[in-house]
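Work through the following exercises with the sequence and the model side by side, and try each task before reading its solution.

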Amino acid sequence: MVFSLTKRELPEPELDALLRRVLGSPLAAHVELTDGMFNTAYRLTAADGREVVLKVAPPTGVPLLTYERDLMRTEALVFGLMADRGVPAPRVLLHEDGLLVMTALRGTPWHAAELSDAERAALRRELGGIVRRLHGVTGDSFGYVQGPGGATWREAFGNMVAAVLADADRFGVELPDVRPAFAARAHLLDEVTSPVLVHFDLWEGNVFVADGRVEGIIDPERAFFGDPLAEVVSVALFTEPDEDYLAGYGVAGFTAAERARIALYRAYLCLVMIVEGVPRGYTGEEREAHVAFFRAKLAEYLEL
């Protein structure tokens with residue numbers, strides 16, 4: 001189980017009352033899903049055998065990063081946009097008062113599935129096509145739904161970076177002076193003229209597989225409207241995207257300017273990962289090792 005001060009548990013009577021309201025059936029069993037690092041999540045089984053997943057937003061008053069405020073509203077909105085585009089995902093059954101109830105996927109998170117090399121290659125190609133479909137969704141402005149945002153991608157991404165740096169100051173996290181490195185590359189962001197929906201958390205733990213296919217994508221709460229290249233950050237987490245994924249997406253590779261933009265987005269993720277552990281209360285040797293890794297990667301991506 002991942003400990004985080006952002007997690008809020010609900011007693012069994014509340015789970016039962018909620019399930020009766022959503023499905024019209026009493027609660028037969030429940031289990032907390034412990035892989036998540038922000039919200040509390042439960043798999044609820046009704047007396048008639050139906051199953052749903054419940055996510056519970058953090059308690060009121062818990063310190064959060066700027067972009068983390070009202071993430072559940074973003075998740076519910078993006079699930080709807082994904083459904084409209086034919087992107088496989090759970091279906092939202094209820095969203096209110098910091099609670100999100102959705103249909104339960106029956107498969108297995110990709111990172112926990114036993115797959116042959118051929119199966120993995122086929123899934124990567126399929127995921128590339130799904131992400132391409134996801135990127136067919138566009139918005140009216142750039143940035144996070146809940147903010148920060150901006151009229152252009154350069155402005156929005158600059159505000160996103162500024163917000164996490166302000167969060168670092170607020171929580172007493174020391175960082176190298178990254179502003180000049182971001183500013184020197186900011187002109188590259190002007191190539192992005194359409195605000196495309198980016199999931200930004202598409203590591204294999206958020207992709208469910210069943211019967212050799214992608215069953216559904218979960219946890220779009222960190223999504224924003226911006227550069228589709230930013231998706232590479234989590235689809236190829238701290239590594240290079242593979243040929244199967246690129247073939248499924250429909251690209252052969254990236255230009256030097258595109259690689260420079262991807263490096264900026266990777267650096268932004270590193271900043272988030274370094275800062276978020278403080279308000280969440282992460283401690284211990286494992287946390288220290290993670291922070292050291294993210295700091296080294298931050299320096300690599302920004303050539304500090």
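**Exercise 1.** In this predicted model, find which residue in the hairpin of E4 and E5 takes a positive phi.

*Solution.* Begin with the two strands, E4 (residues 92–96) and E5 (residues 99–103), which pair in the antiparallel sense over four bridges. Next, look at the end of E4, where Glu 96 stands opposite Leu 99 in E5. Finally, examine the two residues between the strands, where Asp 97 takes a positive phi near 50°.

**Exercise 2.** Decide whether Gly 80 is buried, partly exposed or exposed, and state how far it lies from Val 92 in space.

*Solution.* First place Gly 80 in helix H2, which covers residues 71–84. Its relative accessible area is 30%, and because buried means under 20% and exposed means over 50%, Gly 80 counts as partly exposed. Then compare it with Val 92, which is 12 residues away in sequence, while the C-alpha to C-alpha distance between the two is 7.7 Å.

**Exercise 3.** Describe the largest nonpolar core, naming the residues that touch the most other members, and list the contacts of Phe 182.

*Solution.* The core has 78 residues, and those touching the most other members are Trp 153, Phe 157, Phe 182, Tyr 265 and Tyr 268. Its largest share, 12 residues, is contributed by helix H8 (residues 256–280). Setting aside neighbours within four places in sequence, Phe 182 is in contact with Phe 157, Val 161, Leu 264, Ala 267, Tyr 268, Leu 271 and Leu 302. As a last step, note that there is a second, separate core of 15 residues, including Leu 27, Tyr 42, Leu 54 and Leu 99.

How values were computed:
Residues numbered from 1 in each chain as written. Predicted model: local features only at pLDDT ≥ 70, side-chain atom pairs only at ≥ 80, totals over all residues. Heavy atoms only, no water. Buried < 20%, exposed > 50% of the residue type's maximum accessible area, 1.4 Å probe, protein only. Core = buried A, V, L, I, M, F, W, Y, C linked by side-chain atoms within 4.5 Å. Contact = heavy atoms within 4.5 Å. Pairing = 2+ DSSP bridges.
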